[in-house]
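Reader: Hey, got a minute to walk through this one with me? I'd like to start with the cysteines.

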Amino acid sequence: MAGHAVVIAGGGPTGMMLAAELTLAGTDVLIVERRPSFELESSRSRGLHSRTIEVLDQRGVVDRFLAEGRAVQVQAFAGVPLDIGDFPTRHNYGLALLQSHFERIMSGWVDELGAPIRREREVTGFTQDDSGVDVALSDGTSLRAQYLVGCDGGRSVVRKAAGIEFAGWDATTCWIHAEVEMAEQPEFGLRGGGGIGPAEAGRVGVTLIEPDVNRTDEPTLEDLRAALIRVDGTDHGVHSPRFISRFTDMTRQAVAYRSGRVLLAGDAAHVHAPIGGQGLNIGVQDSVNLGWKLAQVVRGTSPVSLLDTYQAERHPVGARVLQNTMAQRAIGAGDERTAALRAILADVLAMDQPRRHIAGMISGLDVHYDLGDGHPLLGRRMPDLDVQTANGPLRVFTLLHDAKPVLLNLGDAGGLDIAPWAGRVQLVDASYAGTWELPVLGGVAAPAAVLVRPDGHVAWVGDGTDAGLRDALTTWFGNEVL
């Protein structure tokens, strides 16, 4: 039986990002994916939010994605646009990039890193014991792993086999979704609980509500024609579909993200209506939170209890996305009363503070992990500052390219001693004379030092002394080495 430190079920965006994180941390990992290639049956996600772009920048690969996407203001709430052009980040925009292109670029990066993908097979079940997990595959073979991570979507076999409850709400609405050719040019715009717009290669993208929420059969061209006739009175001569699919607003979240040596990430852990394009983004961010922690546990530098922080930090983020997508769906109803509510909401979101609050949430820039009381930076994303070092100017995100934590000392050089963690944490003496500003919160006091985790979140803030530093280093990066 072949053995690996970590087996990932599912090679979509979440699975590939997790494989990249583990590989950067020197962990042996294998992806098991049912598809023969990264090609997708449908377009799925259409873009990246600001925090996901930052995450890719932290790993030094963002230019690959920016080169093929289009920077636009993609944030919106219930159809109300939210401009983040004034947010303090290098990437104060979203990126229009189809998931098919995202996966192709990501697949190339994962290949470069050397993380293997075993395609055209799926995880069908597992058994776990105190030392590992036996993973059964659809081709009749099996694998042995220290840990198994289910990144296998909303119908996750891994989640079901683990017996993890998927709590939430059944669907209230069903949409038919397609990319097609049309003999007549339709008017592009919102209608029918969705809309019609341009797609790639001259095709037309269609997303419309269907009257029967309980449809479980495969959608056909005739179903699409019927949906078009309901809203436009004509099917526009629709033909030659690239794909036709359905989705609903079913909203559910795994009660636990971990059961023993089995963990969940992405859609396997949370599903919701694809309103606001948040699903791919929080899945990628799940992986960036989990990867370095799982790698440290596998290496034995951190206790298994470190994995509990994955649940503690990411479950609330997922719950908040479920909440805001349900709210947007409710406000998106087509009756006159809801339209009146939406008009008032648009007035509210035109105000600066409400706009910042909601835009920070949708973009992922306001995520705050509860690491206790202290400086406003604690638990939040580290700004990508231009700092001065002994070797010249340097961006903070550059220090995170290898997914290794960094202690940025902005006080007297040599004032902090982390020798017992020197092999695990980078110590960089630097200076920064500019202002410190966070999305939504605004300006904050300049710290004397910051300990930045591999995921870019601040684990400790110094006040000119090393008070609390050793505890933070031990909590996040293991016991000191004497």
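Reader: First up, is Cys151 buried or exposed?

Author: Keep in mind that this is a predicted model. Cys151 is buried, with a relative accessible area of 9%.

Reader: And Cys174, buried or exposed?

Author: Cys174 counts as buried, at 2% relative accessibility.

Reader: How many disulfides are there, then?

Author: The count comes to zero disulfides. For that count, a pair of cysteine sulfur atoms has to lie within 2.5 Å.

Reader: OK, switching to helices. What does H6 look like?

Author: Helix H6 covers residues 221-232, which makes twelve residues. From its first C-alpha to its last it reaches 16 Å, close to the 16 Å expected at 1.5 Å a residue.

Reader: Which residues in H6 are buried?

Author: Those are Asp223, Leu224, Ala227 and Leu228. They sit on the same side of H6, because they cover an arc of only 135 degrees around the axis.

Reader: Why would residues a few places apart point the same way?

Author: An α-helix has 3.6 residues a turn, so residues three or four places apart point the same way.

Reader: What do the buried residues of H6 pack against?

Author: They pack against strand E13 (174-182), strand E15 (194-198), strand E16 (204-210) and strand E17 (238-248).

Reader: And what comes just after H6?

Author: Gly233 does, and it takes a positive phi of about 75 degrees.

Reader: New topic: Asp286. Where is Asp286 found?

Author: Asp286 is in helix H7, which spans residues 279-299. Asp286 is buried, with a relative accessible area of 0%.

Reader: An Asp at 0%, huh. What does the side chain of Asp286 make a polar contact with?

Author: With the side chain of His270, at 2.8 Å.

Reader: Which residues does Asp286 touch, not counting those up to four places away in sequence?

Author: Asp286 touches Ala265, Gly266, His270, Tyr310 and Arg314.

Reader: Back to His270 for a sec. Which residue stands opposite His270 in E21?

Author: Gln253 stands opposite His270. Strand E18 (residues 251-254) and E21 pair in the antiparallel sense over two bridges.

Reader: What's the strand order in the open sheet of three strands?

Author: The order is E12-E18-E21, with antiparallel pairing. Strand E12 (166-169) and strand E21 (270-271) stand at the edges, each with a single partner strand, so one side of each is left without a neighbour in the sheet.

Reader: Great, that covers my list. Thanks!

Methods
Residues are numbered from 1 along each chain as its sequence is written. This is a predicted model: local features need pLDDT of at least 70, side-chain atom pairs count only at pLDDT 80 or more; totals for chains, interfaces and linings use all residues. Side-chain values use heavy atoms; hydrogens and water are left out. Buried means under 20% relative accessible area, exposed over 50%, partly exposed in between (1.4 Å probe, protein chains only). Helices (H or I, at least four residues) and strands (E, at least two) are DSSP runs, numbered from the N terminus. The expected span of a helix is 1.5 Å times one less than its number of residues. The arc is that of the directions from the helix axis to the C-beta atoms. Contact means heavy atoms within 4.5 Å. A polar contact is a pair of N or O atoms within 3.5 Å; within protein, one must be able to donate a hydrogen and the other to accept it, and residues adjacent in sequence count only if both atoms are side-chain atoms. Two strands pair if DSSP finds at least two bridges between them.
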